[in-house]
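Me: I have a structure open and I would like a close look at one part of it. Please keep the sentences short and take me through it step by step.

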Amino acid sequence: MPKIRARSEDIRNFILNHIEKHPADISRKVADYFGITRQAVNKHLKKLTKEHALAEHGNTRNKTYKLAPLFEWHKAYKIIAGLAEDRVWRDEVRSVLGNMPDNVLNIWHYGFTEMFNNALDHASASEIIIQINKTAVSTEMLVSDNGVGIFKKIQTTLNLLDERHALLELSKGKLTTDPKHHSGEGIFFTSRMFDSYDILSGGVYFSHKFGHPEDWILERNQFKNGTTVWMKLNNHTARTEKKIFDQYASGDDYGFNKTVVPVKLAQYGNDKLISRSQAKRLLVRIELFKIVIFDFTDVDSIGQAFADEIFRVFALQHPEIELKSVNTNAAVKQMIERVRSGMMK
């Protein structure tokens, strides 16, 4: 009996963890994986539906399933004197999230307080809206304000050409428009802790998925005021804050001293990365780190001047900084090696 109960639990956990990707063919997916009949799978689906873990839609032939919300909660906060992220967390958000493992709650504590504080201190907003949706598998939180917009604020403060450059700086980390009061680490580490982290602000949409080396950036024709952040996390993840922090520390130095720079953000559309100006844009604030990893994902080629500015000129000016390159194709790798060979002569 214990073995049968354990197997049933494994099957139901598998269903819950795969239902979002397979809402219409989950029966086939489970039957193939566990070597059982679809009729047997349907019994588990009915039980999960009866327990309100799943919601079913459509008729028998076209039936689909999705995770049913355990609860949905939202609240708007007027920004007034005395409003503080730690109070909102302690008095309301913590209890709304309910029972969760300590490591999961710690991640939510970090992410929520960082995003709420950013809206308080930087957005020039009058209101912040919090929305929480929880299912049997994961929890999603929305933090939205009606302020100037995070990318526009960074663009204006740092005198950048446009909002995409603000994204490039955010991706490096250690970026803040108020260095006296903020380290600039909040958004960077929050985006790395959650299963998914998304920002919509102005004409730009930014998305980072855990375990994916690249960020996704989409430009929108429709401008939206303010900033909206979505964070999503599995309710039973084994991830911890410390594991994420440690990924960006090197050796015995536990400071935030390593960054990954997505080189693709320095180019527009089909433009090639060929100029020293493009390289200098990529190198802004790089001197704040000890190890810099340039990620060339989706970069087909680079020019000699671009490569020379980074891997020879900057490298000679900052010998204390270790520069690395990853995800380079043959053409990019050859150009980097070519300019580095000039340092040896």
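In what sense do strand β8 (residues 258–262) and β9 pair, and over how many bridges?

Reply: A word on the source first. This is a predicted model.

Now to the pairing. β8 and β9 run in the parallel sense, and 5 bridges join them. One pair to find on screen is Val260 with Ile293: Val260 stands opposite Ile293 in β9.

Next, look at the other neighbour of β9. Strand β10 (residues 322–326) also pairs with β9 in the parallel sense, over 5 bridges. Here Val292 has Leu323 of β10 as its bridge partner. Ile293 stands opposite Lys324 in β10. Ile293 therefore has a residue opposite in β8, Val260, and another in β10, Lys324. In general, strands of a sheet pair through backbone hydrogen bonds, either parallel or antiparallel.

Put the strands together. The result is an open sheet of 3 strands, in the order β8-β9-β10, with parallel pairing. β8 and β10 are the edge strands, and each of them pairs on one side only. From one strand to the next, the twist averages 20°.

A helix belongs to this picture too. α11 packs on the sheet and touches β9 and β10. The direction of α11 makes about 170° with that of β10. Follow the chain through β9, helix α11 (residues 304–317) and β10: together they make a right-handed β-α-β unit.

Is β9 buried or exposed? Buried means under 20% relative accessible area. In β9 (residues 291–295), 5 of the 5 residues are buried, so the strand is largely enclosed by the rest of the structure. Check both faces. On one side sit Ile291, Ile293 and Asp295, and on the other Val292 and Phe294; all are buried. Both faces of β9 are covered.

For comparison, take the whole chain. It has 345 residues, and 48% of them count as buried. Its secondary structure comes to 12 helices and 10 strands. Now take its contacts with a separation of 6 or more: 66% of these are between residues 24 or more positions apart.

A helix offers a second enclosed element. In α8, 8 of the 8 residues are buried, so this helix is largely enclosed by the rest of the structure. The buried residues of α8 include Gly186, Phe188, Ser191 and Arg192.

What packs against α8? Helix α5 (residues 102–122) does. Two packed helices are described by the angle between their axes and the distance between the axes. For α5 and helix α8 (residues 186–193), the angle is about 140° and the axes are 10 Å apart. The two helices are therefore oblique to each other. α5 passes α8 in a left-handed crossing.

Look at the residues that meet there. From α5 come Ile107, Tyr110, Gly111, Glu114, Met115 and Asn118. From α8 come Gly186, Ile187, Phe189, Thr190 and Met193. An α-helix has 3.6 residues a turn, so residues three or four places apart point the same way.

Pick out Asn118, which is found in α5. Its relative accessibility is 18%, so Asn118 counts as buried. Leaving out residues up to four places away in sequence, Asn118 touches Ala123 and Ile187.

α5 has another helix partner. The axes of helix α4 (residues 85–97) and α5 come within 10 Å and cross at roughly 135°. That makes α4 oblique to α5. α4 passes α5 in a right-handed crossing, whereas the crossing of α5 with α8 is left-handed. Among the α4 residues that meet α5 are Val88, Trp89 and Leu97. On the α5 side, the residues include Leu105, Trp108, Phe112 and Phe116.

Finish with a loop residue. His236 is found in the loop between β7 (215–234) and α9 (241–247). His236 is exposed, with a relative accessible area of 60%. Beyond its neighbours within four places in sequence, His236 is in contact with Pro101 and Val104. Now find Met100. His236 and Met100 are 136 residues apart along the chain, yet their C-alpha atoms are separated by 7.5 Å.

Terms used
Residues are numbered from 1 along each chain as its sequence is written. This is a predicted model: local features need pLDDT of at least 70, side-chain atom pairs count only at pLDDT 80 or more; totals for chains, interfaces and linings use all residues. Side-chain values use heavy atoms; hydrogens and water are left out. Buried means under 20% relative accessible area, exposed over 50%, partly exposed in between (1.4 Å probe, protein chains only). Helices (H or I, at least four residues) and strands (E, at least two) are DSSP runs, numbered from the N terminus. Two strands pair if DSSP finds at least two bridges between them. A crossover is right-handed if, with the strands pointing away from the viewer, the path from the first strand over the helix to the second runs clockwise. Axes are lines fitted to C-alpha atoms, for helices over the stretch in contact, and angles run from 0 to 180 degrees between N-to-C directions. Angles under 35 degrees count as roughly parallel, over 145 as roughly antiparallel, 65 to 115 as roughly perpendicular and the rest as oblique. A crossing is left-handed if the near helix is turned anticlockwise from the far one by less than a right angle, and right-handed if clockwise. Contact means heavy atoms within 4.5 Å.
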